[in-house]
Amino acid sequence: MFDREVALYQRLRERGVQVTFVTYGDRRDLKYTERLPGINVLCNRWKKLPHPVYERLLPLIHAPFLRRCDIVKTNQTPGSEVALRSARFWGKPLLARCGYMWSEFAARDQGVDSAAARHARHIESKVFSAAAKVAVTTPTMAADIAQRVPAAAAKTTVIPNYVETDRFCPAAGQTRDFDIIFVGRLAPQKNLSSLLEAVAPLGLRVLVVGDGKLRDELQQRFARANNQIEWLGNVSNADLPIYLNRARMFVLPSHYEGHPKALIEAMACGLPVIGADSPGISELIRHRETGWLCGTDASSIRAAVQQLLAEPELCAKLGSNAHRYVLEHFSLDRIVEMEVAVLEEVTLQ
């Protein structure tokens, strides 16, 4: 995912924005400098400096940079308290960016009253209240912040995830040798088991892109269908369009998402997409217009797949509409302009 994650910052560099990545990793992070022309990487260079000590001393360790910078920006909420402490120490404005609501994911994974969920809500409230600007990827996230952290409501803006639409685009004449492609972590949240249960009786060819802790379990559970399923594992984001364009449709049956990049990338490639009618996905898919919404259970997924496979004209319409929708709303060019506007606003405050 490296190239996908840094594309925005490389484009900001082209616009004259000086960019430095401050990481929580060790010296191994320096190897990425070869792939980041013009972007500086600051990390924990000291082999014997424990991670907690590095985090606590980070505002001093990287003082030469932090003293000169104009804005401190987070990428996600986990770890953002260190960025906030650094910004406060050096009197810099903080741009708190998050692509998913940490507290919601923690609540779904471990329970609303779990220690993890309470901790995430505490950090969100602390960071969002103190930030000069908060950037989230969906209106639902903005509404959640406004309800839980009133002090951050007026300074919260929506900047969606982006797609490199020159890379993720339809491939004319491409052979579609897979009926369905799934892209994502093999984790309970993604609900791949329901998708495989849905399509196993249909004899469809399925390409699974991604890896995770459930891989062995799923391969054993669906061993009888393994001649239908290709377990590709992780692939580079640069190669992903090749695989997307080899499939007849994309299915994302997750129980919940933030602002799923894999779904947007599939839509950019002009694939008809099926998504669960669940948080994060239902905000992107307009049922029967830019995709198809269904339940998270196997029977609902199976019915949706059968419906679209039986109507090639509908598939073509959904794919064309999805491609156009992404170009209008999520192209990297558009998101760069939104990002620059926010950076200028924060700098001038």
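This passage describes the aromatic pairs and a nonpolar surface patch in a predicted model. Residues are numbered from 1 along each chain as its sequence is written, and side-chain values use heavy atoms, without hydrogens and water. Local features need pLDDT of at least 70 and side-chain atom pairs count only at pLDDT 80 or more, while totals for chains, interfaces and linings use all residues.

The structure holds 6 aromatic pairs (rings of Phe, Tyr and Trp, the last by its six-membered ring, with centres within 6.5 Å; planes under 30 degrees apart are stacked, over 60 edge-to-face, the rest tilted). The pair of Tyr9 and Phe21 is edge-to-face, because the ring centres lie 5.4 Å apart and the planes stand at 90 degrees. Since Tyr9 belongs to helix H1 (residues 2-14) and Phe21 to strand E1 (residues 20-26), this pair ties together parts that are 12 residues apart in sequence. Helices (H or I, at least four residues) and strands (E, at least two) are DSSP runs, numbered from the N terminus. With a relative accessibility of 13%, Tyr9 counts as buried (under 20% relative accessible area; exposed is over 50%, partly exposed in between, with a 1.4 Å probe and protein chains only).

Phe89 and Trp90 form an edge-to-face pair, at 5.1 Å centre to centre and 70 degrees between the planes. Phe89 is located in helix H4 (residues 80-90). Phe89 is partly exposed at 48% relative accessibility, and Trp90 is partly exposed at 22%. One aromatic cluster is formed by Tyr100, Phe105 and Tyr256.

Phe89 also joins Leu57 and Leu60 in a nonpolar surface patch, with about 290 Å² of accessible area together (by the Shrake-Rupley method with a 1.4 Å probe, only the protein chains shown counting as cover for residues). Patches consist of residues with over 30% relative accessible area and no salt bridge (a side-chain nitrogen of Lys or Arg within 4 Å of a carboxyl oxygen of Asp or Glu); nonpolar side chains (Val, Leu, Ile, Met, Phe, Trp, Tyr) are joined within 5 Å, like charges within 9 Å.
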